[in-house]
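Here is a short tour of one protein model, written for someone who likes to check geometry by eye. Please keep the viewer open as you read.

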Amino acid sequence: MIEVLVIVPYEELLTLYEETIARVEEQRVHFTTSFLYGTDTRALEKVCDYDIIVVRGMTGRAIKRQYPELTVIDIKMDAFDVTGALLEVKETYPDVNKIGLILPSSSICSAPMLSKLSGIDISMAEVSDEDEIDSTIEKMKMEGSEAFIGGLTLKRVCQRKNYKYVHIKTGQSAIETSINDALNAAIILDRERKRLALMKSLVDNTPDSILIIDEDGLVIAANSAACSFFKKKTLEGVNADALFPLGLYKVKEDVELVQNIGEHTVLVTEHPVRMEGEKRATYVSLRLVEDIRRTEKKVRGKLQDKGLIAKYSFSDIVAEDVVMKQLIAKAIRYAKVEGNVLLTGETGTGKELFVQSMHNASPRRDKPFVAVNCAALSEQLLESELFGYTEGAFTGASKGGKTGLFELAQGGTIFLDEIGEMPIRFQAKLLRVIQEKEIRKIGGDEYIPVDVRIMSATNQNIPDLIEKGLFRRDLYYRINLLAIHIPPLRERRDDIPLIFKRFVEKKSKALNIVEPMVEKEAMDSLKKYSWPGNIRELRNVAERAVIFSLSKNITLDTIREIDLDEREKTEEVPLLVKEKAKTPEELYREYAQSGMTLNDFALSVGISRTTLWRKFKNISLENKK
């Protein structure tokens with residue numbers, strides 16, 4: 001709930017505000033009204049209990065000076081309010097020849113213009129504090145002013161001195177404007193609070209310990225993991241010298257090293273950051289080396305599953321499309337020459353198939369082929385995996401150290417998949433390896449020459465990443481010496497029958513059944529589909545078609561049963577009719593028995609992940625059981 005305090009200087013205005021507030025329907029905002037006038041600092045203390053202050057004149061300016069962190073909405077005095085007061089003076093005091101006009105800002109109206117319009121000599125003064133009003137009135141009195149126009153403080157001074165005056169009152173338009181301004185400010189403040197709460201939740205839930213240390217060495221922010229690590233309820237205000245024995249929080253550049261802190265060995269990462277003005281601070285993150293080793297072991301296990309050999313060759317690439325045949329011919333030429341290759345294309349178009357085929361057609365075919373997914377590894381793990389580390393590089397490092405993937409690929413090919421996801425800071429290290437053809441292990445002092453051909457792949461637009469500062473331009477030029485773009489399946493529909501039949505043949509052999517024939521109507525329907533998952537999705541559909549086929553043929557009904565996502569059909573051809581679509585309950589039971597991830601199961605049944613999730617969302621918990 002956002003708390004708004006409306007400060008008014010007189011009862012009539014309070015009534016008008018309360019009537020206006022009663023019509024407000026915003027449930028996230030609570031309004032409180034109060035009497036207050038003047039600039040006495042003691043009287044202003046209670047405003048700190050509120051988020052937004054709606055106030056008029058000098059009182060508002062005093063609050064802004066005393067509490068700059070508060071959001072203050074001005075009840076703006078406009079020229080109409082002043083003109084109304086001027087008319088009241090003429091009617092009440094028709095014999096007055098000169099009027100003293102005292103305002104919080106001279107920009108509200110022009111005294112010469114008012115004089116010309118009213119036919120009365122008008123003198124105007126600007127004041128910012130109630131202590132100035134008495135002396136200002138006396139000065140204007142000595143200069144000939146016979147009556148005065150101003151706010152509530154002026155009214156009280158004139159009453160005491162028995163001077164003629166008219167109080168400038170706030171009109172309904174100004175009231176409604178200030179309330180609307182307060183509501184808009186409340187919505188923005190509420191959104192910002194939610195954003196900060198979300199950011200705090202994300203930081204608190206990260207396994208790494210995170211601290212921000214100011215230039216005086218005091219902790220100004222820390223997440224719950226850091227408090228737990230240092231065994232303190234809070235770290236804010238703690239001197240960092242008591243936490244970090246080497247005092248590295250005063251760094252002027254990025255630092256990353258292994259430190260023993262208490263009973264733990266941690267990887268400490270530090271970055272200098274700029275705060276408001278010229279102030280600097282240091283962002284510090286701590287991660288247990290043991291946690292890094294566990295993650296490393298898990299990732300390395302997945303990498304080892306790929307082996308160090310390329311399983312595919314150009315004979316595994318089937319194509320009828322003219323463009324694809326030309327692309328294969330280009331890839332064969334690229335395989336024979338040295339030079340880094342960058343393959344681009346949507347997910348599932350077969351980029352790794354091309355990479356492995358090029359390796360097996362190259363002079364390096366008898367040497368290792370090593371693949372690594374850059375999107376699966378953090379910067380620290382990438383360096384450890386690609387370059388390796390020496391024994392004793394950090395506490396808990398494997399005995400004898402570890403050989404990096406560049407060394408494992410010596411003389412052969414290293415495939416950097418999803419290179420567009422590579423952390424920007426690590427890209428500089430990779431660029432040096434490409435330029436110098438040597439690596440240095442973590443913890444090592446010597447450089448190791450490497451003879452490796454680098455092939456990379458991405459489904460992202462790297463020039464766009466370069467413009468956004470997420471990819472180094474110089475690295476792009478080094479990995480993109482030879483370029484291959486693989487078009488999506490929807491742009492080479494002539495290949496669909498050939499590839500589909502190849503997958504049907506393989507699946508039939510795996511199931512040890514007679515290979516079914518694919519009827520023309522079924523194939524025509526497949527050629528109309530846009531294939532967002534490309535060849536990977538086509539393979540899943542082919543395998544399901546073999547399983548679903550109730551006869552020796554794959555018919556149009558077989559394809560309909562697979563229930564391809566309607567939203568992915570091309571607009572230029574009719575959508576496939578889905579006469580035998582399975583119910584969400586049937587799909588969910590199949591998914592539960594498959595043991596697949598939701599994404600893999602969605603691809604296997606030819607439905608987008610979002611559509612499948614939407615179908616499952618509406619199933620009752622009882623049916624899920």
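## Aromatic pairs

This is a predicted model, and it holds 7 aromatic pairs. One of them joins Phe-387 and Phe-426, with ring centres 5.6 Å apart and 25 degrees between the planes, which makes the pair stacked. Phe-387 belongs to helix 12 and Phe-426 to helix 14, so this contact ties together parts that lie 39 residues apart in sequence. Both partners sit out of reach of solvent by the accessibility count: Phe-387 is buried with a relative accessible area of 4%, and Phe-426 is buried with 0%. If you look around these rings you will also meet Phe-406, since ring pairs link Phe-387, Phe-406 and Phe-426 into a cluster.

Another pair is formed by Tyr-476 and Tyr-477, and here the arrangement is tilted: 6.1 Å centre to centre, with 40 degrees between the planes. Is each of these tyrosines buried or exposed? Tyr-476 has 17% relative accessibility and counts as buried because the cut-off is under 20%. Tyr-477, at 52%, counts as exposed because that class begins over 50%.

## The second largest pocket

Helix 12 and helix 14 come up again here. The second largest pocket has about 790 Å³ of space. It is lined by 30 residues, and the closest to its centre are Glu-256, Glu-383, Lys-429, Ile-442 and Gly-443. The elements that give two or more residues to this lining are strand 11 (255-261), strand 12 (264-274), helix 9 (289-305), helix 12 (379-387), helix 14 (424-436) and strand 19 (438-439).

Which element gives the largest share of the lining? That is helix 12, with 6 residues. By residue class, the lining of this pocket divides into 14 nonpolar, 5 polar and 11 charged residues.

## Helix 7

Helix 7 offers a simple check on geometry. It runs over residues 172-205, and its 34 residues should span 50 Å at 1.5 Å a residue; the end C-alpha atoms are 49 Å apart, so the two values agree.

Which residues of helix 7 are buried? They are Ala-174, Ile-175, Ser-178, Ile-179, Ala-182, Leu-183, Ala-185, Ala-186 and Asp-190. An α-helix has 3.6 residues a turn, so residues three or four places apart point the same way. The buried residues of helix 7 pack against strand 1 (2-8), helix 1 (11-21), strand 2 (29-35), strand 3 (52-56) and strand 4 (71-75).

Note on methods:
Residues are numbered from 1 along each chain as its sequence is written. This is a predicted model: local features need pLDDT of at least 70, side-chain atom pairs count only at pLDDT 80 or more; totals for chains, interfaces and linings use all residues. Side-chain values use heavy atoms; hydrogens and water are left out. On a 1 Å grid over the protein atoms alone, a cavity is a set of points where a 1.4 Å probe fits but cannot get out, and a pocket is an open set with protein on both sides within 12 Å along at least five of seven lines; lining residues have an atom within 4 Å of a point. Grid points are joined across faces, edges and corners, and a volume is the space filled by probe spheres set on the points. Helices (H or I, at least four residues) and strands (E, at least two) are DSSP runs, numbered from the N terminus. Ala, Val, Leu, Ile, Met, Phe, Trp, Tyr, Cys and Pro count as nonpolar, Asp, Glu, Lys and Arg as charged, and the others, Gly among them, as polar. The expected span of a helix is 1.5 Å times one less than its number of residues. Buried means under 20% relative accessible area, exposed over 50%, partly exposed in between (1.4 Å probe, protein chains only). Contact means heavy atoms within 4.5 Å. Rings of Phe, Tyr and Trp (its six-membered ring) pair if their centres lie within 6.5 Å; planes under 30 degrees apart count as stacked, over 60 as edge-to-face and the rest as tilted.
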